Structure formats: structure tokens, C-alpha cells
Amino acid sequence: MPLIRSCPHCGQKNRIPARHLADTGRCGHCKNDLPPVAEPIAADTALFDEILQNARVPILVDFWADWCGPCHMAAPEVVRTAADTQGRALVLKVDTEQSPQLAARYNVRGIPNFAVFHTGRLVSQQAGVVGHQQMESWLEAARNG
Ligand SMILES: [Zn+2]
């Protein structure tokens, strides 16, 4: 299940394979550069698995739910992390109400819960609100670890 992204130059919808989400691509219509994804990607279990298996950069996963106040407090930090790490990492958001089996797979109880993956493996995991600097340092540690 590739991600569909609209070209910022011409609006053409481009299908981006999971392994290229953090790369600069080229619009199939106008041939301009398509920048790497710079915002959190809402992922269901299928998309999560696709990205986990194919991404070549570290991944931060935000397990959250709409009823969770602290999750909403953390959300701008997650957005900031996705922007700051454009091209070097991917940021996914998993709604634990919509994907309870995925939350169970990683023993997510308290949310927000942040899990960092690299080369398909869970590197670190922590519950509770943190700032974007902390999120970015987890991703940096995963890249170097
Ligand atoms: Zn285009």
C-alpha cells in the first residue's frame, strides 16, 4: 500500500513506495522534485508493516487516541519532529482505537506511547509526553545504534 502524495508544484497525485518516503523523488507529471515526507503519517496496521519492513531510516511511532488529553499535548511536538527530521527519519501516528491489535503487539498501555524502530526492529519505547528534542534524540540514537 504505497502512500499517495500531492505534488506541491502541479497537484498531481503521486504514489510513493514505502522505501522512498524519506527520499527526494520526482513528480510523474511535471518532473519537479517531490520533497521527502515532512509531516506525521497516519498509519493503520497494513501501512505500518509496509513502512516498518521497507523504510531505510529510523521511524518514530506515536501511539495515541482522540480521547487522550496528553496525546493532544504531544501532537505539536510530533509534528515538529517530523519537520525537523525530514529526509532522515519517518514519523507515524497510530490511532490505538482504530488499530488495537497493533497497540497490543507492542504492549502499549499508557498513551501517548512512543516507539522507535530502525531496520525493522524496535529500538526504544517510552510512554508519556515528551518534547521534540527528546523525540529527535531517540531517532538520532537509533540511527547511530
Ligand atoms: Zn508535479
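This passage walks through a predicted protein model, from its overall build down to two single residues.

The overall outline is a good place to start. The protein contains four helices and nine strands, and along the sequence these elements follow the pattern β-β-β-β-β-α-β-α-β-α-β-β-α. The C-alpha trace spans about 45 × 30 × 25 Å along its principal axes. For 145 residues, a compact globule would have a radius of gyration near 15 Å, and the value for the protein, 15 Å, agrees with this. Of the 145 residues, 45% count as buried. About 7,400 Å² of the protein is exposed, and 49% of that area is supplied by carbon and sulfur atoms. The fold also brings together parts of the chain that are separated in sequence: among contacts with a separation of 6 or more, 62% are between residues 24 or more positions apart.

The protein is divided into two parts, with domain 1 covering residues 3-34 and domain 2 covering residues 41-144. Their C-alpha centres lie 23 Å apart. Where the two parts meet, seven residues of domain 1 are in contact with ten residues of domain 2.

Domain 1 can be entered through its strand β1, residues 3-6. In a regular strand, side chains alternate between the two faces of the sheet. Strand β1 has a covered face with Leu3 and Arg5, whereas Ile4 and Ser6 belong to its uncovered face. The partner of β1 is strand β2 (residues 13-16), and the two pair in the antiparallel sense over four bridges. Within this pairing, Ser6 stands opposite Lys13 in β2. Together β1 and β2 form a hairpin with six residues between them, and Gly11 in the turn has a positive phi of about 85°.

Domain 2 comes next, beginning with its sheet. Five strands form an open sheet in the order β5-β7-β6-β8-β9, and the pairing is mixed. The edges are taken by β5 (41-42) and β9 (121-127), each of which pairs on one side only. Further in, β6 (residues 59-64) and β8 (residues 113-118) run antiparallel and are joined by five bridges. Ile59 stands opposite Phe117 in β8. Helix α2 (residues 69-84) packs on the sheet, where it touches β6, β7 (90-95) and β8; the direction of α2 makes about 155° with that of β7. Helix α4 (residues 132-144) packs on the sheet as well, touching β6, β8 and β9, and the direction of α4 makes about 25° with that of β8.

Two residues give a closer view. His118 has its place in strand β8. With a relative accessible area of 16%, His118 falls under the 20% cut-off and is therefore buried. Leaving out residues up to four places away in sequence, His118 touches Arg56, Val57, Pro58, Val123, Ala142 and Arg143.

Thr96, by contrast, lies in a loop, the one between β7 and α3 (100-105). Is this loop residue buried or exposed? Thr96 counts as buried because its relative accessibility is 11%, which is under 20%. Apart from neighbours within four places in sequence, the contacts of Thr96 are Phe63, Trp64, Ala65, Ala103, Val108 and Ile111. The C-alpha atoms of Thr96 and Pro112 are separated by 9.7 Å, with the two residues 16 residues apart along the chain.

How values were computed: Residues numbered from 1 in each chain as written. Predicted model: local features only at pLDDT ≥ 70, side-chain atom pairs only at ≥ 80, totals over all residues. Heavy atoms only, no water. Pairing = 2+ DSSP bridges. Contact = heavy atoms within 4.5 Å. Axes fitted to C-alpha atoms, helices over the stretch in contact; angles between N-to-C directions. Rg over C-alpha atoms; globule rule 2.2 N^0.38 Å. Buried < 20%, exposed > 50% of the residue type's maximum accessible area, 1.4 Å probe, protein only. Areas by Shrake-Rupley, 256 points an atom, 1.4 Å probe, with all protein chains shown as cover. Domains from an automatic or database assignment.
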